[in-house]
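Good morning, everyone, and thank you for making time for this. Please have the sequence and the three-dimensional view open while I talk.

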Amino acid sequence: MDIKNNILETIGNTPLIKLNKITKQLPATVVAKVDYFNPGNSIKDRMAVKMIEVAEKEGKLKPGGTIIECTSGNTGMGLALAACVKGYKCIFTTTDKQSKEKADILKAVGAEVIVCPTNVEPDDPRSYYSVARRLAKEIPNSFHCNQYDNLANRLAHYETTGPEIWNQTDGKITHLVCTAGTGGTVTGTAMYLKEKNPDIKIWAIDVYGSLLTKFFRTGEVDMNEVHPYISEGFGEDFVPENYNMSVIDHFEQVTDRDGAIMARRLAKDEGIFCGYSAGSCLQGLMQIAASQPLKKDDLVVCIFHDHGSRYVAKIYNDQWMMERGFMDVKTCKDIINGRTAKQKLITIDPNHTVAQAVDLMRKYDIEHIPVINGSGPVGAISESGLFQKIFSNPDIKNATIATVMEPAFPIVDFNTPIEKLRTLINKDNGAVLSKDELGNYHIVTKYDVIQALGS
């Protein structure tokens, strides 16, 4: 029988999966080391357990102790799983830019989570680094993992990630592409692979707003390079001790927007529902390959760190993407501005008659008319609704609109995505209203949506 003694024994041995569509223009074979198959849904499970094992061996973590760490979420998950099995408490500090899902998941496995501001210097007492250090000093029998400077981080990847990739590719790997954060994954894996074959190229992917790329190129820690960025899980505003830049051949920076869009492409085109850093990793490869062409016999391994479930409220949310200008989403505004005829909205007063409404529909060849009085929309008239009423009672033509009108059309924001309009416009509600910057109402019908989606 193959029965694991606990959840920690399922860590590692994650698959390599060939990418087929996004990289089809590249001559090389590109595969992904998909580490969201780990139980904590990220590659950080590997180093989390290793840091605890080393701390136990060195006597720094004792039974009943408290594990303290500053984490963007994934390391915390690995530590929390290990804590569950080994009987430790966990307190994690994180930043307010991380997705809420990450904090909620950590709490679900028993950890205490303290959210700290992002836009402060690393040595600021409010930073998540400083808060973690302070807690480690204040809480008895506690251990601060410090994944950034704890060399057990990179040791975990030297012992597991590197050998797995080497064996899975039969030693034919020619390039490793990996996002760079704490430095543990890219450095530890690179150290092992370079020992096996010094010709393997190691390409580290960074984000604009991080100082790692300039440090790699110049050896200078330039805080002028540092500015807020949205990407999660990689990039740094200092240089962790886990780095050994001598085993890295190239650093490439990727924008927040490009990384997010590529992650969504991976989900839709390859069926790999992964996190922000995976999209940035592949985007970085595509950028580098444009200037450093790959060959037919090259075998490129991209490390995809974590699962997309951590980012459903962010990069996989159309509204979030649109608000940041990351996504060209057709909106209600696009429909209205795209109309060739700038006709004023046809409305009717609730005191007018049904016959007058019918005349307006015939004159302007429209099916829906908002009913508006001095205070705004109060109802609606539709061709289908009037047909049913007139068919059952021909005399209703002389009745006032107020006595036969339907509920008012929903009013939506001018920048509402078309995808959302599809859920608002249905058989019971044939249109929506939207108000432009000047305060003028516009109507959008199901035919407008169909035409916009088809264009």
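I will begin with the whole chain, then spend some time on one helix, and finish with a few single residues.

Please keep in mind throughout that what we are looking at is a predicted model. The protein contains 16 helices and 15 strands. With a radius of gyration of 29 Å, where the globule rule gives 23 Å for 455 residues, the protein is more spread out than a compact globule. If you draw a box around the C-alpha atoms along the principal axes, that box comes out at roughly 90 × 55 × 55 Å.

How much of the protein is buried? Of the 455 residues, 53% are buried, and the surface that the protein exposes amounts to about 21100 Å², with carbon and sulfur atoms supplying 50% of that area. When we take the contacts between residues at least 6 apart in sequence, 68% of them join residues that are at least 24 apart.

Let us now turn to helix 5, which runs over residues 152-168 and has 17 residues. From its first C-alpha to its last it reaches 24 Å, which is close to the 24 Å expected at 1.5 Å a residue, and yet there is a kink of about 35° in helix 5, centred on Tyr158. Several residues of helix 5 are buried, among them Ala152, Ala156, His157, Pro163 and Trp166.

What do the buried residues of helix 5 pack against? Their partners are strand 2 (29-34), helix 1 (44-57), strand 7 (175-179), helix 6 (184-196) and strand 10 (299-304).

One residue in helix 1 is worth finding on your screens, namely Lys50. Lys50 has a relative accessibility of 17%, and because buried means under 20%, this lysine counts as buried. Leaving out residues up to four places away in sequence, Lys50 touches Ala152, Leu155, Ala156 and Glu159.

On either side of helix 5 there are residues with a positive phi to look at. In the loop between strand 6 (142-144) and helix 5 you will find Asn146, which has a positive phi of about 50° although it is not a glycine, and which counts as partly exposed at 23% relative accessibility. Just after helix 5, Asp170 takes a positive phi of about 55°. Asn13, in the segment before strand 1 (16-18), also has a positive phi, of about 55°, without being a glycine, and Asn13 is exposed, with a relative accessible area of 67%.

Next, please look at the loop between helix 9 (276-291) and strand 10, where Asp298 is found. Is Asp298 buried or exposed? At 7% relative accessibility, Asp298 counts as buried. Its side chain reaches the backbone nitrogen of Lys295 at 2.7 Å, and, setting aside neighbours within four places in sequence, Asp298 is in contact with Ala28, Thr29, Thr174 and His175.

My last residue is Lys107, which lies in helix 3 (residues 100-108) and which, at 48% relative accessibility, counts as partly exposed. Lys107 and Ile91 are 16 residues apart along the chain, and their C-alpha atoms are separated by 9.8 Å.

Definitions and conventions. Residues numbered from 1 in each chain as written. Predicted model: local features only at pLDDT ≥ 70, side-chain atom pairs only at ≥ 80, totals over all residues. Heavy atoms only, no water. Helix = DSSP H or I, 4+ residues; strand = E, 2+ residues; numbered from the N terminus. Expected span 1.5 Å × (residues − 1). Bend = angle between axes of the 7 residues up to and from the residue. Buried < 20%, exposed > 50% of the residue type's maximum accessible area, 1.4 Å probe, protein only. Contact = heavy atoms within 4.5 Å. Rg over C-alpha atoms; globule rule 2.2 N^0.38 Å. Areas by Shrake-Rupley, 256 points an atom, 1.4 Å probe, with all protein chains shown as cover. Polar contact = N/O pair within 3.5 Å; in protein donor to acceptor, adjacent residues only side chain to side chain.
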